[in-house]
Amino acid sequence: MGVRSSSSPYSPSSKEMYQKSNSSSSTLVGSFIKTLRTGSSKQQQQQNPGAQDGNIEAMRKSQTYLRRSTSHGHAVSGIHISPLRSSSTGKCSGKEKHHHGKSDKYFTDLDEDWSAVIEDYNSPIPVISNGGMELKPPVKVSSKAEGSQSPSSSTNYPTLPNLTRALSADLKSQYEKENERNVQELNSLMHRIAKFDAILNPSNSPQINLNDLRKLSWNGIPAIHRPQVWKLLIGYLPANTKRQHSLLQRKRLEYRDGVQLVFSKEHTRDIPTWHQIEIDIPRTNPQIPLYQFPLVQESLQRILYLWAIRHPASGYVQGINDLVTPFFQTFLTEYLPAAQKEDVCRLNPREYLTEAQLQDVEADSFWCLTKLLEQITDNYIHGQPGILKQVKNLGQLVKRIDSDLYDHFSHENVEFIQFAFRWMNCLLMREFQMDMVIRMWDTYLSETSLETSSSKADNVSISSSSNSTSHSTPLDSPRKVQSSTGLRANSAGSTLSRQTSLSEFHVFVCAAFLVKWSEKLISMDFQGIITFLQNPPTKAWKEADIELLLSEAFIWQSLYKDASSHWR
Amino acid sequence: MNTSVTSIKLVLLGEAAVGKSSIVLRFVSNDFSENKEPTIGAAFLTQRVNMGDHTIKFEIWDTAGQERFASLAPMYYRNAQAALVVYDITKPQSFIKARHWVKELHEQASKGIVIALVGNKLDLIEGGAERKVAREEAEKLATEEGLLFFETSAKTGDNVNEVFLGIGQKIPLKKPDEQSQGSSGLRINDDNRVDLAAGGPGSSNAGACNC
């Protein structure tokens, strides 16, 4: 399947929505991806709206959507993208300040009641029409100008004398449009928050439906729900709401006791481990003020040391210090008022947390890090076989989806391990700004297939794959469900879904990330390639970009998940 | 511009946080940052140095220092013509690790590899910290093992360029294809590629200066 093609402009809308139909799938999806990839986000922001209302009608008529998955016998022929407002993430991009909330964040609703939101929408819905692959961009909300900054749309301004009037008129209409859109975005966000509320506070049962939560969270979690939802997704917090409080109490106490023991006189300090963590702590997220506070550094040091001591097979490995920070930062936001959640990166926790609360944040971070690392243990044990395997899989995958790029790398003697080792070791955290990482983790944590007994009880799981499917608890088997297709029937009707491991999905994300730059890379030599990939231009990435990446990864995974079983 | 260009593949080895990446950053960008994120895997950078009518292009693999990543190191030093083995003069443990790296290089790397032993963080001593690795001790090791020896400060820039110049002087100026070629692993020193790079000054690492 080729990768480069000229194409019409498109919208970087986030989560794909497939229309189920009978025609053949893979070529269409492939060309969809091709089409998506050829645009750049900058271009996208300057596109004019062009979708017709007829498209909305068309969408309404399509009753069934194949969501997040294709499988044999279910083909994809049309892909509808609706620009619904996404979740919010904190402004945690180091020095960079995004025009948060006004930037182009689009969201695709994927649930049965999506049309309810569409009704509220006046703006055109971009539709990738069936077969024609014609992409209509949505109205993009350009970063809102602060003060009198000119609008970023590609208006051809008249000559100088008329400039002021034209500009002010243009600004006015722009401003009105933006206002309108902001209201819509806000409505959409409120609607999402309501959906999360409904799932998190089930009315007739104490049991939270984790599968529903996972599906909803894949597309991003509103900041106010994120701490709780992450804990649920990763299997720290039980789905039974009645048990949550007691479990938290118990686990937090357990952590406190663990820390006390490890730092008591009876315990002999593991000096090399302690030393390694000690030198890495000040080097963790050095560009984010939060991580410079001694209070925070001490917390992280305790978390990492205790984890290392309790996991001698792996021990502390550089990169794990990165992995704990999204948890820590997210759990801190639980104690910040909504208006200040975005400031978590620069506020000193001492100013808004009691000692006990900080201990709770620390304990929760420890347990969630533990849960996460259980899934990727092989990445950090001696020889790091998990990473080597992932790098190899990435190579094989790129060979299939972009053979030109693969051949070019071979010709230039570029080896995947030279750039992808870090991608695996740090889950791409070094490649993105923190707020984008956190958005990415909404999806990653939704990908963790922790089949708890409760979620199994709620759903009928039918393995439709010949691969082995394991439903053991994460504690028994940290690396399970490698490649399997689960057909899950839930109360809302038949929805296709799939279970995979986080590391497998991550390889597809890495592949999508790499082939995104294919056109550039193919014109570069060894030095250019390595230098580029060590420092990819992602600083200005917005949620829409991350969501597009995740969607592309999802599509690749849908197409190649069966092939992946042959890699092993 | 038309002077002949020799390409030198160089690898940095040494314990975590001794300043490997900082030495490279100083050499390549003449910059320093107090808390650099730990290197994961390895980082690749290049820098050109003019020596008389000759230009040397350093192709540098800056490896991760933590023990867990050590299994990757052979991939990077196998075809290297030069190595910097770095330690922190205030951390005796890091000097022990440096000895190990020198031994491993002599056993595993190309025969003619030029090794420089580099004691970093000289600025700490000047700032009043206690030196824990005596200069004489390091010099002795360097003499015994046939190493170049430098004490540097990546923070102040002290002696950093000298390390690379020293290596440049010690490596015979041959055409890249005559230089030692390993049998496997990275083949960074692709003749064609080097010539291509030599033709385009813009192709070198961003921020690099020709010093």
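Residues 220-448 of chain A are 62% helix and 0% strand in this predicted model, and the C-alpha atoms at the two ends of the span sit 15 Å apart. That stretch carries a label, too: an unreviewed UniProt entry places the feature "domain: Rab-GAP TBC" at residues 220-448 of chain A.

Zooming out to the whole chain, there are 21 helices and 9 strands in chain A. Of its 568 residues, 49% count as buried. As for how the chain folds back on itself, take the contacts in chain A with a separation of 6 or more: 79% of them come from residues 24 or more positions apart.

Now for one pair of helices. Helix H11 of chain A covers residues 320-333, and helix H12 of chain A covers residues 355-375. Their axes lie 9 Å apart, and the two helices pack at an angle of about 135 degrees. Because of that angle, H11(A) counts as oblique to H12(A). The crossing of H11(A) past H12(A) is right-handed.

And who does the touching? On the H11(A) side, the contact is made by A:Ile320, A:Leu323, A:Val324, A:Phe327, A:Phe328, A:Phe331 and A:Leu332. H12(A) answers with A:Val361, A:Asp364, A:Ser365, A:Cys368, A:Leu369, A:Leu372 and A:Leu373. Sorted by class, the contact between H11(A) and H12(A) has 12 nonpolar residues, along with 1 polar and 1 charged.

Methods:
Residues numbered from 1 in each chain as written. Chains lettered and ligands numbered in written order. Predicted model: local features only at pLDDT ≥ 70, side-chain atom pairs only at ≥ 80, totals over all residues. UniProt positions renumbered as here; feature names shortened; annotations may be inferred. Helix = DSSP H or I, 4+ residues; strand = E, 2+ residues; numbered from the N terminus. Buried ≥ 20, exposed ≤ 12 C-beta atoms within 10 Å, placed from the backbone. Contact = placed C-beta atoms within 7 Å. Axes fitted to C-alpha atoms, helices over the stretch in contact; angles between N-to-C directions. Parallel < 35°, antiparallel > 145°, perpendicular 65-115°, else oblique. Left-handed = near helix turned anticlockwise from the far one by under 90°. Nonpolar A, V, L, I, M, F, W, Y, C, P; charged D, E, K, R; others polar.
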